Amino acid sequence: MWRLVLKNLLRNKRRVLLTGSSVAVSLFLLSSLAIVYTALGKPLEGTETIPLMMVRRAIGIVFPLPASHGAKIKTVPGVVAVTPLAWFGGYWVDPANTFANFAVDPETIFNVLREGSTIPPDQLEGFKRERVAAVAGRRLVEKYHWKIGDRITLLGSFWGITPELVLRGVFSGGPDDQFYFHYDYLNEALGRPNIVPIYWVRVDRPEDASRVAQAIDDMFRNTDAETRTESISAFLLNFISMLGNVRAIILLIGIAVAFAIFLIVANTMAMSIRERTAEAAVLRALGYQTSHILALFVGESLILTLGGALVGIGGAKFLYDALALSQIGQFVFADMRMRPETLVFCFVVALALGLLASGWPAYRTARGNIAETLRYTG
Amino acid sequence: MAIPLKYNLRNLRVRWMTTLMTAASIFLTVLVFVVLMALAQGLQLSLKTTGQSLNVIIMREGSQSEATSSVTRESLQVIKYLAGIAKTDKGEPWVSPELIVLINLPRRGQTQGSNVTIRGLGPDGPSLRPEFKMVEGRFFRSGLREVIVSKRIAERFENCALGDRLKFAKGYWTVVGTFDAGGTAYDSEIWTDTNDLGGDFDRDVYSTVMVRAVDASALARLKDQISNDRRLHLKPQTEREYYENQTRSAAPIKALGMFIAALMAVGASFAAMNTMYAAVARRTKEIGTLRVLGFSRGSILLSFVIESVLIAAVGGLPGCLVSLLANGVTTGTTNFATFSEVAFNFRVTPGLLLNGMVFAVVMGVIGGFFPAWRAAHENIVSALRSV
């Protein structure tokens, strides 16, 4: 039976190739859309076990908090470590060398990051000791061929200063494309305005997260600088929502693509079934059941779509894994990866389309009057 | 001699199911393409059409957007008395010191918010922007914590309708009017008095200063004076240049649209190819007959390509028509040049529709050419014998 299906499939090689490759290309597109869709919906899901919290001004991220908030946040029960974080926005030598550089508290930053992010103890000591010291993630160091002891000047920042720093350490296993230097250095260079754009807060246990967030926000309610505390992934979600209804647009495009695949496969199957109407009648005259004929056609369609799916979805998985967008992307693209559920979803769509596309014409041919269909000439 | 078009039309009608399915996949491709491009175009046009060519925005050297710029009060005094600045009706220099702040407001029906630009204007700020006109209510009065909101923002954000009260900085601000700025970037803003806003946010500097030059030659001189004044450290650019630089925010949407349309086009043109190969196979005998009747290879090739293009047109035309439904729909996204909300309309222009049709025809030609080539090179004798 399966041999017959395969033989039938290969009868018109060109058609199979054309249909198979258009299914593959379309499913590649569909799985790309699905990846973006899930990345925008649930950023960082599953990658973060103990939540890193972020405290910012309730009125908007462009307004800073007073530096005195740090010590107060530290007193909230459940908070393990707090660091100020100032996005510096400088580049190294050339504007093309733009990377994430932040002013942080060297005493606490690695307690806040903790999870997986490691730095040799002597390098950490070096970072803490000098005001001009800086540390960089492993990937940055590799990219720019830096060595410990190198002098690094950050240019072009909107803060209006150009810090001259010395690389004292390399960390890995965390946000390896970031660069940190002393918050005190920044604050002093600016003439001690004592403002902090955001705080990063590490809590002890995941179940504490929402309670701690509430406690921090309550503490500053009705003050001049009310806060908004949320986990980094919640912040990303908020950020993504600023893009507008991108997800709705992606969903609509996805539906259009899926429908296009359906049409392409249905067209091919309708053509090949029509050509073989008389053959099907012969098989039935020989004693094959309706269900056999049905299985013959539907099986052919399924091989076609699933074959295309294997190439298209597999190609997407391979390509996006190789590109490792989750490693290089920032903000909204921080979490572009093929998740298992996305993979399964795409294959289920392919399966459903394969069944749908061949169902009706196959059923009609398989059920028709034998004598009439035997006479069918196309 | 060419084969009559009627031959193709009849063939398409006989195989209507296949024709429709193929056309439908082209329809979807064209629709997605045109709508995504209309999105990019809308964003681009809202930025591109903003700005008078004689208005100059003066910002801090090195700042990329108004929100990160700062201009001191002393600099304002220097700027005011530069040569080449036009005079208002009252004989004052036509200058508006402005303050830009971004506040996070919730979108209507959502808890998640977006950054909206609040612009504090000097008394001559509105007259520098002739596209501005009030829609409802009245203009704000200074000193009373009053704001006016653009119509698009009022429709899309909570607490922004006429009579509502907005909470930011040190308290509540009353919405006393809504305005329309003729589809420009100002249609995504909230306006108030520059000194009220500065007082409430404890800002002792302005963000930018906008001035009107007398004429084009004065404009060039004015820009030179500002750039060369070492006291100021300021960068002048015309209002139009400033917004044109932001149109690059539409580039990612365009690239995405191209990527999606290209991949969908591969699928659709392969489907057309399948359909046309089947059509050629079924009509082998007819092709032989046509050749015997004296139709040349060229006219057979042309005839089949035309048939394929017809299928594509059957899909492309409704694709373009349906995309018109999106025309004028307002949407919003974050402009990453300024990090604030920009509200704009989908713009389906005639040029875009033409592109959509050309795109459909190209898919038809690609899908039809190889099958047509095969039809044209069929051996006459064996074609006639085929069943």
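H145 of chain A counts as exposed, because the residue has 7 C-beta neighbours inside 10 Å and the cut-off for exposed is 12 or fewer. This is a predicted model. H145(A) sits in a loop of chain A, between α6 (138–144) and β7 (151–155). Its phi is near 55°, a positive value in a residue other than glycine.

Chain B offers a parallel case. Phi of H233(B) is also near 55°, again positive in a residue that is not glycine. H233(B) belongs to the loop that links α6 (216–228) and β10 (234–238) of chain B. H233(B) has 14 other C-beta atoms within 10 Å, so this residue is partly exposed.

**Confidence in chain A**

The mean pLDDT of chain A is 85. Of the residues in chain A, 93% reach 70 or more. Residues 326–332 of chain A fall below 50. Beyond near neighbours in sequence, that stretch has twelve contacts in the model.

**Domains of the two chains**

Each chain is divided into domain 1 and domain 2. In both chains, domain 1 is made of two segments. The table gives the bounds and the spacing of the C-alpha centres.

| Chain | Domain 1 | Domain 2 | Distance between C-alpha centres |
|---|---|---|---|
| Chain A | residues 2–45 + 245–375 | residues 59–225 | 49 Å |
| Chain B | residues 5–48 + 249–385 | residues 62–232 | 47 Å |

How many residues of domain 1 of chain B are in contact with domain 2 of chain B? Twelve residues of domain 1 are, and they meet 17 residues of domain 2. On the domain 1 side, α2, β11 and β12 (340–345) of chain B each give two or more residues. The largest share of that side comes from β12(B), with four residues. By class, the domain 1 side has five nonpolar, six polar and one charged residues.

**The sheet of chain A**

Ten strands of chain A form an open sheet. Their order is β4-β7-β8-β6-β9-β5-β3-β11-β1-β12, and the pairing is mixed. Why is one side of β4 and of β12 left without a neighbour in the sheet? Strands β4 (91–92) and β12 (227–231) of chain A stand at the edges, each with a single partner strand, so one side of each has no neighbour there.

Helix α5 (residues 121–129) of chain A packs on this sheet. Helix α5 touches β6 (133–137) and β8 (164–171) of chain A. The direction of α5 makes about 155° with that of β8(A). Helix α9 (residues 232–241) of chain A lies across β1 and β12 of chain A. Helix α9 runs at about 105° to β12(A).

One strand pair can be followed in detail. Strand β1 (residues 52–57) and strand β11 (residues 198–203) of chain A pair in the antiparallel sense. Four bridges join β1 and β11. V55(A) stands opposite Y199(A), which is in β11(A).

**Where the chains meet**

How many residues does each chain bring to the contact? Chain B brings 38 residues and chain A brings 33. On the chain B side, the elements giving two or more residues are α2 (16–48), β2, β3 (113–121), α8 (251–282) and β11 (330–335). Helix α8(B) provides the largest share, 13 residues. The chain B side has 20 nonpolar and 18 polar residues, and no charged ones.

**Two residues of chain B**

G84(B) lies in the loop between α3 (73–80) and β2 (95–106) of chain B. Is G84(B) buried or partly exposed? G84(B) is partly exposed, because 19 other C-beta atoms lie within 10 Å and a buried residue needs 20 or more. Leaving aside neighbours within four places in sequence, G84(B) is in contact with A213(B), V214(B), A218(B), R221(B) and L222(B). G84(B) and A213(B) are 129 residues apart in sequence, yet their C-alpha atoms are 5.7 Å apart in space.

F370(B) is part of helix α11 (residues 350–376) of chain B. F370(B) has 18 other C-beta atoms within 10 Å, so this residue is partly exposed. N115(B) is 255 residues away from F370(B) along the chain, and 53 Å separate their C-alpha atoms.

Key
Residues numbered from 1 in each chain as written. Chains lettered and ligands numbered in written order. Predicted model: local features only at pLDDT ≥ 70, side-chain atom pairs only at ≥ 80, totals over all residues. Domains from an automatic or database assignment. Pairing = 2+ DSSP bridges. Contact = placed C-beta atoms within 7 Å. Axes fitted to C-alpha atoms, helices over the stretch in contact; angles between N-to-C directions. Nonpolar A, V, L, I, M, F, W, Y, C, P; charged D, E, K, R; others polar. pLDDT = per-residue confidence, 0-100.
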